[in-house]
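Welcome! Here is a short briefing to help you find your way around a new structure. Take a first look, and then we can go through it together.

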Amino acid sequence: MSEALRPAAFLDRDGVINVDHGYTYKPEDLVFIDGAPDAIRRLNEAGYLVVVVTNQSGVARGYYSEADVARFHEHMLAELAEAGARIDAVYSCPYHPKGVVAEYRVDHPDRKPKPGMILRAARELPIDIARSFLIGDKSSDIAAATAANISGHRFAGGDLDDFVAGVLLQADAPIRAK
């Protein structure tokens with residue numbers, strides 16, 4: 001028997017979950033946006049899958065490796081877990097068409113504003129895409145949401161939990177997990 005489909009909250013990483021220090025990749029540089037752990041816990045409790053979709057062009061630019069990105073994500077997930085919040089999946093795009101690392105110098109379909117990471121998650125996870133949305137801080141995030149045919153909400157800063165509470169009201173939530 002297959003798992004029931006659930007809506008997903010797709011979250012950009014830098015500027016939405018964590019403070020964007022510019023190519024943030026060191027675990028010790030993780031600083032959560034105000035309200036981020038509470039916002040993610042709120043989404044968990046409302047029955048949403050929480051999926052991070054993040055461009056990480058620092059890999060293509062030679063600033064850090066995919067292993068560095070993975071270490072940062074492991075640390076972020078552990079810190080969130082300590083706060084009672086859960087990320088269900090993380091998708092990152094290390095590519096950039098002007099990268100200096102040849103293997104990553106690609107105009108890849110996962111790189112936002114293209115919808116590749118969202119569409120891949122929808123194929124790989126039990127996501128009800130019609131009831132899903134994305135929260136991002138850049139126009140490229142919103143463009144990726146539009147291209148994936150989901151609603152996009154631009155986070156301009158402040159308390160992420162307050163912002164998510166408003167998005168959930170618009171989405172006619174909470175949607176309870178069974």
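Which elements each supply at least two residues of the lining of the largest pocket? They are strand β2 and helix α4. To see where these two sit, it helps to start with the sheet. Please keep in mind that this is a predicted model.

**The sheet as a whole**
- Five strands make up an open sheet, and their order across it is β3-β2-β1-β4-β5, with parallel pairing.
- At the edges are β3 (89–93) and β5 (151–154), each of which pairs on one side only.
- From one strand to the next, the twist averages 20 degrees.
- As a general reminder, strands of a sheet pair through backbone hydrogen bonds, in either a parallel or an antiparallel way.

**Strand β1 and its two neighbours**
- Strand β1 (residues 8–11) runs parallel to strand β2 (residues 49–55), and four bridges join them.
- β1 is also joined to β4 by three bridges, again with the strands running parallel.
- Phe 10 is a handy landmark here: its bridge partner in β2 is Val 51, and in β4 it stands opposite Leu 134.

**Strands β4 and β5**
- Four bridges pair β4 with β5 in the parallel sense.
- Ile 135 has His 153 as its bridge partner in β5.
- Along β4, Phe 133 and Ile 135 point one way, while Leu 134 and Gly 136 point the other way.
- All four of these β4 residues are buried.
- This fits a general pattern: in a regular strand, side chains alternate between the two faces of the sheet.

**Helices on the sheet**
- Helix α2 (residues 66–82) packs on the sheet and touches β2 and β3. The direction of α2 makes about 150 degrees with that of β3.
- Helix α4 (residues 139–147) lies across β4 (133–136) and β5, and runs at about 165 degrees to β5.
- Together, β4, α4 and β5 form a β-α-β unit that is right-handed.

**The largest pocket**
- The volume of the largest pocket is about 320 Å³.
- Its lining consists of 18 residues.
- Nearest the centre of the largest pocket lie Asp 14, Asp 20, Asn 55, Ser 57 and Lys 138.
- To return to the opening question, β2 and α4 each give at least two residues to this lining. You have met both already: β2 is joined to β1 by four bridges, and α4 lies across β4 and β5.

Definitions and conventions
Residues are numbered from 1 along each chain as its sequence is written. This is a predicted model: local features need pLDDT of at least 70, side-chain atom pairs count only at pLDDT 80 or more; totals for chains, interfaces and linings use all residues. Side-chain values use heavy atoms; hydrogens and water are left out. Two strands pair if DSSP finds at least two bridges between them. Axes are lines fitted to C-alpha atoms, for helices over the stretch in contact, and angles run from 0 to 180 degrees between N-to-C directions. Contact means heavy atoms within 4.5 Å. Buried means under 20% relative accessible area, exposed over 50%, partly exposed in between (1.4 Å probe, protein chains only). A crossover is right-handed if, with the strands pointing away from the viewer, the path from the first strand over the helix to the second runs clockwise. On a 1 Å grid over the protein atoms alone, a cavity is a set of points where a 1.4 Å probe fits but cannot get out, and a pocket is an open set with protein on both sides within 12 Å along at least five of seven lines; lining residues have an atom within 4 Å of a point. Grid points are joined across faces, edges and corners, and a volume is the space filled by probe spheres set on the points.
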